[in-house]
Amino acid sequence: MGGGVSIPVPLSDVRQEDLKAKYAKFIEEGLSEEDINTKLTKAMPGLVVFDQIDCDHTGKVSSRELKRTLRALPRKKPTPPEGGWPDGKPPPFVPFDAMYETLDSDGDGEISLEEWLDNLSKLPGLESAINGAIDPVTGKLKDYVSLEDRLAELVAKGDDATDEEKAKIESIRASLGETAAAPAEEAPAEEAPAEEAAPAEEAPAEEAPAEEAPAEAAPAEEALSGDSKVTQGV
């Protein structure tokens, strides 16, 4: 792709396709390479953050994903942008539902990249909080932990993981669409008793927590939902 746009971090395949589509669109509109570079460079910070918070890499940000993002933002009043607030005063309280509705302008229940880039400026408090939480080196939110990273952290605990943590593992796998892959990896453990008598006694002990996990899965999902009222100015 031309234009010489600097990409601070590796992007997912979905985001790379988005960039290519934007570039092709600008070419069709007759923009010069310089103008294309300017537009794409301006969009890059928002695009990098969108790629980070789109946990399942569907190309859309859900209500749950946005709530997860808000938890990673500093709990303090946002710093006024350069030149001050648009109306000369700090932005008012905005309930989460109203915030999501502003970003999801077509009302389809999900936030597309275009909606994110076009509508974030309509929520100056949220935009300021995000800008203040971005790592200048990576271009990503500093305190945001992706589902993949959280899953790896929990799985690494192995047998030391609590029942609650094991339930969270299954919940995260479900969110990432990994539920089908997990049983396939555990299948050999079910075949082991046929070849080795000793491991057969250990297998039930390891599988017991897995049966308890569904009972605790609901709280894990509720934790992701969080409080439905979030201010821009947190």
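1. Glu 115, leaving aside its neighbours within four places in sequence, is in contact (heavy atoms within 4.5 Å) with Leu 103, Asp 104, Ser 105, Asp 106, Glu 110 and Leu 120. This residue lies in helix α5, where helices (H or I, at least four residues) and strands (E, at least two) are DSSP runs, numbered from the N terminus. With a relative accessible area of 7%, Glu 115 is buried; buried means under 20% relative accessible area, exposed over 50%, and partly exposed in between, with a 1.4 Å probe and protein chains only. The C-alpha atoms of Glu 115 and Lys 60 are separated by 9.6 Å, although the two residues are 55 apart along the chain.

2. The basis of these values should be kept in mind: this is a predicted model, in which local features need pLDDT of at least 70 and side-chain atom pairs count only at pLDDT 80 or more, while totals for chains, interfaces and linings use all residues. Residues are numbered from 1 along each chain as its sequence is written, and side-chain values use heavy atoms, with hydrogens and water left out.

3. On confidence, the chain averages a pLDDT (the predictor's confidence in each residue, from 0 to 100) of 73, and 69% of the residues score at least 70. Over residues 179-234 the pLDDT is below 50, and this stretch nevertheless has 58 contacts in the model beyond near neighbours in sequence. Where pLDDT is low, the predicted coordinates should not be read in detail.

4. As for the overall layout, the chain holds 10 helices and 2 strands, which follow the pattern α-α-β-α-α-β-α-α-α-α-α-α when read along the sequence. Of its 234 residues, 35% count as buried, and among the contacts with a separation of 6 or more, 67% are accounted for by residues 24 or more positions apart. The chain exposes about 13,600 Å², of which carbon and sulfur atoms supply 51%; accessible areas come from the Shrake-Rupley method with a 1.4 Å probe, and for residues only the protein chains shown count as cover.

5. The largest nonpolar core (a set of buried Ala, Val, Leu, Ile, Met, Phe, Trp, Tyr and Cys residues joined through side-chain atoms within 4.5 Å) has 35 residues, and those with the most contacts inside it are Leu 66, Leu 73, Leu 103, Trp 116, Leu 126, Ile 130 and Leu 141. At least two residues of this core come from each of α1 (13-28), α2 (33-53), α3 (63-71), α4 (96-103), α5 (113-119) and α6 (124-132), with α2 giving the largest share, 8 residues.

6. Two details fill in this picture of the core. Leaving aside neighbours within four places in sequence, Leu 73 is in contact with Leu 126, Ala 129, Ile 130, Ala 133 and Leu 141. In α6, the buried residues are Pro 124, Gly 125, Leu 126, Ser 128, Ala 129 and Ile 130, and the buried residues of this helix pack against α2, α3, α4 and α5.

7. The loop between α2 and β1 (60-61) contains His 57, which has a positive phi of about 55° although it is not a glycine. His 57 counts as partly exposed, at 37% relative accessibility. Asp 56 is placed in the loop between α2 and β1 as well, and is partly exposed with a relative accessible area of 34%. From Asp 56 to Glu 148 the C-alpha distance is 9.3 Å, across 92 residues in sequence.

8. Further along the chain, Lys 168 has its place in helix α8 (residues 163-175) and is partly exposed, with a relative accessible area of 26%. Lys 168 and Leu 154, which are 14 residues apart in sequence, lie 8.3 Å apart in space, C-alpha to C-alpha.
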